Amino acid sequence: MAIQHYKVLHDYVRANETVADEYDDVELTLLEGELPADLKGVLFRNGNGRFAHQGVWYDHLFDGDGMISRFAFDGQRVRYRNRYVRTREFLEEEKAGRMLHRSFGTNLPGGLLKNAFRMQFKNAANTSVVWHGGHMMAMWEGGLPHRIDPVTLDTIDRYDYNGVLRNQFSWLDSRIAPELPFSAHPKIHPDTGVLHNFGTVAGTKQRLVLYEVDPQGKAKIGPVIEMDDMTFSHDFVVTQSGHRILFLTPVSFDMPRALLGLTSPAASIKVDRTKPTLILVIDPDGTIHRLTTDFCFVFHFVNGYQNTDGKLIVDGLMLDFFPASDLMKAYLQGNVADDGTGARFTRYVLDLETKQVTHRPLADYEGELPEIHPDLVGKPYKYAWGIGRPISHSRPLADQLVKIDVTTGQGIHAGPDETLPSEPIVVPRPGATAEDDAWLLYLLFDDTTHTTDLLVADAADLTTIARLRLPHNIPLGFHGMWLPEGEV
Ligand SMILES: [Fe+2]
């Protein structure tokens, strides 16, 4: 099949320009509509503030320094603040005026001499922002979270949960990876308030480590699963029934190449499409089930729950290939292939008794950065929102806001030409009973004006309720969260 490549020079590349300014509490200009009087609280978003450092472009979408943006809604106006996360590496590189640290997907300029045997990577702190146990944290899956002051956005510290995230598997392990990775996609159990998370750590053995943090913020290590290979997982599922579910795509890092500095770790990933994807299910009592499904890769899961018949339902955005790092680099440069292989909304049904796994498309939509009603994590649900496009869409970008009814497969989408939306955060209206009686809060990059706007949309039909302009263009970022008034 001939693959058509598009050079999307403007809207994609310009949306990713470096942020040079940090603002303090500026009021956003209302462009259209009216802010809902009962929309009160704070939206936080995290993402790359820049895709280049001192003129050197990163090779990977995930390597830019994390920047938190904060939007405080009081029912009449929105006040905006943004701050780069002051990681140790960020401060050192700012002081030096050049790139000092290898990143997950980017080697340092200077070849082997600069990269060989450097296996401590920059903590980009750029992926998500989470509120739990009295802490707000900027998350990055390869290392420790950073605690952030939710009002000032000052960076408080690199947080190891009082030593729990210090590698104590062995002396050698602690030398190879002193800090245990804590993924950027923790899930908070809807009934217990326990934050569940995982990390994959290299060392004398390859380990998948599960974590639990109680509502007061006390962390402990849960089951540790030894793996044959160092795999890569970005997200996982926690159900109300207490099942934790991970998809492990048959990829492995070429550690010698990465260690010698021949490639970045991301570029060293080898894919074996002849193997199935392993699905790990960890029961509430710690029992581990291993199931398999056709080769696939899932960056983000939509949701998962245990059905009344005992089977586990897992909805995710399924790719039938693994996105290689050169694809990420091409994206950063505005090269997007329209080969019909975007991530599809897909439902997996897992039968732990028979070890059977079935899957089917949920809708004729591709999507990414999915969100659901915040009270339905781990439970049966009806709606998913995200960015995406109908599979028949004329442009290769996920440039539409989408809403999918996962029970019927029906979807709707909205998005003006020459714009790109961010992940939409779902904020239920106070007192709402319907699942989609909510607001969607998202950013929209408009290439015609080269501006970034904050939008409030109706979650039911995706229509715009209010649109406000930021004082500068910021990249759309990865993941955010909403804290209702009074939480901080
Ligand atoms: Fe993510």
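In this predicted model, His479 touches a wide spread of the sequence: leaving out residues up to four places away, its contacts are Arg45, Asn46, Thr127, Ser128, Val129, His185, His234, His300, Leu369 and Glu423. His479 itself sits in strand β36, which covers residues 479-484. With a relative accessible area of 7%, His479 falls under the 20% cut-off and so counts as buried.

Three of the histidines on that contact list, His185, His234 and His300, turn up again in the UniProt record. The unreviewed entry there lists His185, His234, His300 and His479 under "binding site". These residues span 295 positions in sequence, yet no two of their C-alpha atoms are more than 12.7 Å apart, so they gather at one spot.

What sits 2.1 Å from these side chains is an iron ion, and its protein donors are the NE2 atoms of His185, His234, His300 and His479. Along the chain, the donor residues follow the spacing H-x48-H-x65-H-x178-H. One pair among them, His185 and His234, links distant parts of the chain: His185 belongs to the loop between α4 (171-176) and β13 (187-188), His234 to the loop between β16 and β17, and 49 residues separate them. Both His185 and His234 are buried. As for geometry, the 4 donor atoms subtend angles of 91 to 164 degrees around the iron ion, which makes the arrangement irregular. The upper end of that range, 164 degrees, lies outside the 85 to 135 degrees that four donors need to count as tetrahedral.

His234 deserves a separate look. Its loop runs between β16 (219-227) and β17 (237-238), and a relative accessibility of 6% puts His234 in the buried class. Besides the other iron donors His185, His300 and His479, His234 is in contact with Thr127, Glu141, Ser183, Phe198 and Phe299, neighbours within four places in sequence being set aside. With Glu141 there is also a side-chain to side-chain polar contact of 2.8 Å.

Another buried polar residue is Arg50, at 10% relative accessibility, in the loop between β4 (40-48) and β5. The Arg50 side chain makes polar contacts with two acidic side chains, that of Asp65 at 2.8 Å and that of Glu94 at 3.0 Å. Beyond its neighbours within four places in sequence, Arg50 is in contact with Thr18, Tyr58, Gly64, Asp65, Tyr84, Phe90 and Glu94.

Phe90 leads on to helix α2 (residues 88-96), where the buried residues are Glu89, Phe90 and Glu93. Viewed down the axis of α2, these residues fall within an arc of 100 degrees, so they line one face of the helix. They pack against β5 (52-53), β8 (78-84) and β12 (155-158). Just past the end of α2, Gly97 adopts a positive phi of about 75 degrees.

A second glycine, Gly75, lies in the loop between β7 (66-74) and β8. Gly75 is buried, at a relative accessible area of 10%. With neighbours up to four places away left out, its contacts are Leu35, Pro36, Ala37, Leu39 and Lys40. Gly75 and Pro150, 75 residues apart in sequence, are separated by 19 Å from C-alpha to C-alpha.

Technical notes. Residues are numbered from 1 along each chain as its sequence is written. This is a predicted model: local features need pLDDT of at least 70, side-chain atom pairs count only at pLDDT 80 or more; totals for chains, interfaces and linings use all residues. Side-chain values use heavy atoms; hydrogens and water are left out. Buried means under 20% relative accessible area, exposed over 50%, partly exposed in between (1.4 Å probe, protein chains only). Helices (H or I, at least four residues) and strands (E, at least two) are DSSP runs, numbered from the N terminus. The arc is that of the directions from the helix axis to the C-beta atoms. Contact means heavy atoms within 4.5 Å. UniProt positions are given in the numbering used here, feature names are shortened, and annotations may be inferred rather than shown by experiment. A polar contact is a pair of N or O atoms within 3.5 Å; within protein, one must be able to donate a hydrogen and the other to accept it, and residues adjacent in sequence count only if both atoms are side-chain atoms. Donors are N, O and S atoms within 2.8 Å of the metal (3.2 Å for Na, K and Ca); water is not among the atoms, so sites may look incomplete. Four donors count as tetrahedral if all angles lie between 85 and 135 degrees; four count as square planar and six as octahedral if opposite donors are over 155 degrees apart and all others between 65 and 115; anything else is irregular.
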